[in-house]
Each structure stands twice: as structure tokens, then as C-alpha cells.
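Subject: Structure handover

Hello,

Here is the structure I promised you. My notes follow below it.

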Amino acid sequence: QFTCGFIGHSRAGKVWIYVCSKCDHQLFSSRSKYEHSSPWPAFTETIQEDSVSKREERRGAYKVRCGKCGNGLGHEFVNDGPSKGLSRF
């Protein structure tokens, strides 16, 4: 679970930061968000390398948790992003 908060502007407009709902650790930026057929928000990358921790559940799918408190965030699906070679969180 995560929440979203506005933190600043970019040349293209507002930039939103998605943070852990339990500890406010920064996870994703609106810059990496994209539309997907899933009902959940989809991102191609995390803000920092240590924003999340991952554990492989099956080939091409990782269980994703907050890198700070361990809160469950869902999954990373490798090569399921908006273009070839990108993941979907």
C-alpha cells in the first residue's frame, strides 16, 4: 500500500511522489507512472535503488516491499512495462 503527495513542479507540470502508507518512505515518482490495463497504478522504476526490497516469487515476478519498513506493495513484473525491457511495478 502506498499514498501519493505533491512535492514540487517540473517543466512539464506537477511531480507527485508516491510514498509508503506506513512510514512515508519515498517509493515512486509520477515521472515513471504510466497507464496499464491493471486497476492499480503502474510504474517503470523506483525513486532510489533502495526504495523497495524484492524477493522472487516465480520467474519474472518479484514480491515488492517498502525498503524501509517492509510494508507489502505488490509485485514487479519483469518485461511487462510500456516498452520492451521495462518492468511494471
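Along the sequence the pattern reads β-β-β-β-β-β-β-β. That is eight strands and zero helices. The model is predicted.

**Confidence**

The mean pLDDT is 83. Of the residues, 85% reach 70 or more. Strand β6 (residues 52-58) has the highest mean among the elements, at 94. Strand β1 (residues 2-10) has the lowest, at 47. Over residues 4-11 the pLDDT is below 50. That stretch still has 16 contacts in the model beyond near neighbours in sequence.

**Overall numbers**

The protein has 89 residues, and 33% of them are buried. About 6,000 Å² is exposed. Carbon and sulfur atoms supply 45% of that area. Take the contacts with a separation of 6 or more: 29% of them join residues 24 or more positions apart.

**The core**

Which residues make up the largest nonpolar core? There are ten: Tyr 18, Cys 20, Leu 27, Phe 28, Phe 43, Val 52, Val 64, Cys 66, Leu 73 and Phe 89. Three elements give two or more residues to this core: β2 (13-20), β3 (26-29) and β7 (61-66).

Phe 43 is one of the ten. This residue sits in strand β5. Its relative accessibility is 1%, so Phe 43 counts as buried. The C-alpha atom of Phe 43 lies 8.1 Å from that of Ser 29, and the two residues are 14 apart along the chain.

Val 64 is another core member. Leaving out residues up to four places away in sequence, Val 64 touches Val 52, Leu 73 and Phe 89, among others. Those three also belong to the core. The contact list of Val 64 also includes Ser 53, Lys 54, Asn 71, Gly 72, Gly 74, His 75 and Glu 76.

**Thr 46**

Look at this one in your viewer. Thr 46 is in the loop between β5 (42-43) and β6. Is Thr 46 buried or exposed? Its relative accessible area is 18%. The cut-off for buried is under 20%, so Thr 46 is buried. Its side chain reaches the backbone oxygen of Gln 48 at 2.7 Å. Beyond neighbours within four places in sequence, Thr 46 is in contact with Leu 27, Phe 28, Ser 51, Val 52 and Phe 89. Of these, Leu 27, Phe 28, Val 52 and Phe 89 are core residues.

**The β7-β8 hairpin**

β7 pairs with strand β8 (residues 72-77). The sense is antiparallel, over five bridges. Ala 61 stands opposite Phe 77 in β8. Five residues lie between the two strands of this hairpin. Gly 70 takes a positive phi there, near 85 degrees.

**Positive phi outside glycine**

Asp 24 has a positive phi near 65 degrees, and it is not a glycine. Asp 24 lies in the loop between β2 and β3. Its relative accessible area is 56%; exposed means over 50%, so Asp 24 is exposed.

Asn 79 is also not a glycine, and its phi is positive at about 60 degrees. Asn 79 is found in the segment after β8. At 55% relative accessibility, Asn 79 counts as exposed.

Best wishes

Notes
Residues numbered from 1 in each chain as written. Predicted model: local features only at pLDDT ≥ 70, side-chain atom pairs only at ≥ 80, totals over all residues. Heavy atoms only, no water. Core = buried A, V, L, I, M, F, W, Y, C linked by side-chain atoms within 4.5 Å. Buried < 20%, exposed > 50% of the residue type's maximum accessible area, 1.4 Å probe, protein only. Helix = DSSP H or I, 4+ residues; strand = E, 2+ residues; numbered from the N terminus. Contact = heavy atoms within 4.5 Å. pLDDT = per-residue confidence, 0-100. Polar contact = N/O pair within 3.5 Å; in protein donor to acceptor, adjacent residues only side chain to side chain. Areas by Shrake-Rupley, 256 points an atom, 1.4 Å probe, with all protein chains shown as cover. Pairing = 2+ DSSP bridges.
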